[in-house]
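Welcome! Have the sequence and the 3D view open, and try each exercise before you read its solution.

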Amino acid sequence: MTGYLASFEPAMREALALASASGEDVPVGAVVLDRAGVVIGRGHNGREAEADPTAHAEMVAIRAAGQARGNWRLNDCTLVVTLEPCTMCAGAVLAGRLSRLVYGARDARAGAAGSVWDVLHDPRLGEPVEVVSGVLETECAKLLREFFERRR
């Protein structure tokens, strides 16, 4: 990986490390970067641990970024996540006015950033969000595949 995609590799590696800390939850990790590339929000899936259906990695990281900023408007920020967001999380990206989404593995079952739905480019929902896919895709997909193999 070179150039623009490679610039997101360090943040994706941090998201992968967070995903590994998901315990019994599906291993998904996310970070929010400010304009300078500094991490201002982190999260991993916590639905099982917190008994909270909204505790997706993306939601946790976006909430943390808003708290760190003291503002829900994250219009110059980037969400980096190991798995393509679902419709709820894509909606949170729009609601938080994030400028960019970077993800690793596609979600052919529930992906809302182009795989099943394209929520982030629906003109009825607001400004389009830049979407960058496939960053460390192999590593992200492997982590998920191994998790589900262990559960079978």
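What volume does the second largest pocket have?

**Exercise 1. Describe the two pockets.**

Before starting, note that this is a predicted model, where local features need pLDDT of at least 70, side-chain atom pairs count only at pLDDT 80 or more, and totals for chains, interfaces and linings use all residues. Residues are numbered from 1 along each chain as its sequence is written, and side-chain values use heavy atoms, with hydrogens and water left out.

Step 1. The volume of the second largest pocket is about 200 Å³. Its lining has 14 residues, and Phe8, Leu33, Asp34, Gly37 and Arg100 are the closest to its centre. A pocket here is found on a 1 Å grid over the protein atoms alone, as an open set of points where a 1.4 Å probe fits, with protein on both sides within 12 Å along at least five of seven lines; lining residues have an atom within 4 Å of a point. Grid points are joined across faces, edges and corners, and the volume is the space filled by probe spheres set on the points.

Step 2. Sort that lining by type: 6 residues are nonpolar, 4 polar and 4 charged. In this sorting, Ala, Val, Leu, Ile, Met, Phe, Trp, Tyr, Cys and Pro are nonpolar, Asp, Glu, Lys and Arg are charged, and the others, Gly among them, are polar.

Step 3. Now turn to the largest pocket, which holds about 450 Å³ of space. It has 20 lining residues, with Val26, Val28, Leu83, Asp107 and Arg109 nearest its centre. Its lining splits into 11 nonpolar, 2 polar and 7 charged residues, and helix α6 gives the largest share, 4 residues.

**Exercise 2. Work out how helices α2 and α6 are arranged.**

Step 1. Find the helices: α2 covers residues 9-20 and α6 covers residues 137-151. Helices (H or I, at least four residues) and strands (E, at least two) are DSSP runs, numbered from the N terminus.

Step 2. Two packed helices are described by the angle between their axes and the distance between the axes. For α2 and α6, the axes come within 11 Å and cross at roughly 5°. The axes are lines fitted to C-alpha atoms, for helices over the stretch in contact, and angles run from 0 to 180 degrees between N-to-C directions.

Step 3. The two helices are therefore roughly parallel to each other, a label for angles under 35 degrees.

Step 4. List the partners: Met12, Arg13, Leu16, Ala19 and Ser20 of α2 meet Glu139, Cys140 and Leu143 of α6. These residues divide into 5 nonpolar, 1 polar and 2 charged. Contact means heavy atoms within 4.5 Å.

**Exercise 3. Follow the buried residues of helix α5.**

Step 1. In α5 (residues 87-95), Cys89, Ala90, Ala92, Val93 and Leu94 are buried; buried means under 20% relative accessible area, exposed over 50% and partly exposed in between, with a 1.4 Å probe and protein chains only.

Step 2. These buried residues pack against α4 (57-69) and β3 (78-83).

Step 3. Take Ala92 as an example, with 13% relative accessibility. Leaving out residues up to four places away in sequence, Ala92 touches Met59, Ile62 and Leu98. Ala92 and Ile62 are 30 residues apart in sequence, yet their C-alpha atoms are 7.8 Å apart.

**Exercise 4. Compare two residues with a positive phi.**

Step 1. Most residues other than glycine have a negative phi. Ala51 has a positive phi of about 50°, and so does Leu136, also at about 50°.

Step 2. Place them: Ala51 is in the loop between α3 (47-50) and α4, while Leu136 is in the loop between β5 (130-133) and α6.

Step 3. Is each one buried or exposed? Ala51 is exposed, at 69% relative accessibility, whereas Leu136 is buried, at 5%.

**Exercise 5. Find the surroundings of Asn45.**

Step 1. Asn45 lies in the loop between β2 (39-44) and α3, and is buried at 7% relative accessibility.

Step 2. Not counting residues up to four places away in sequence, Asn45 touches Ser22, Asp25, Val26, Val28, Ala55, His56 and Ala57.

Note on methods:
Parallel < 35°, antiparallel > 145°, perpendicular 65-115°, else oblique.
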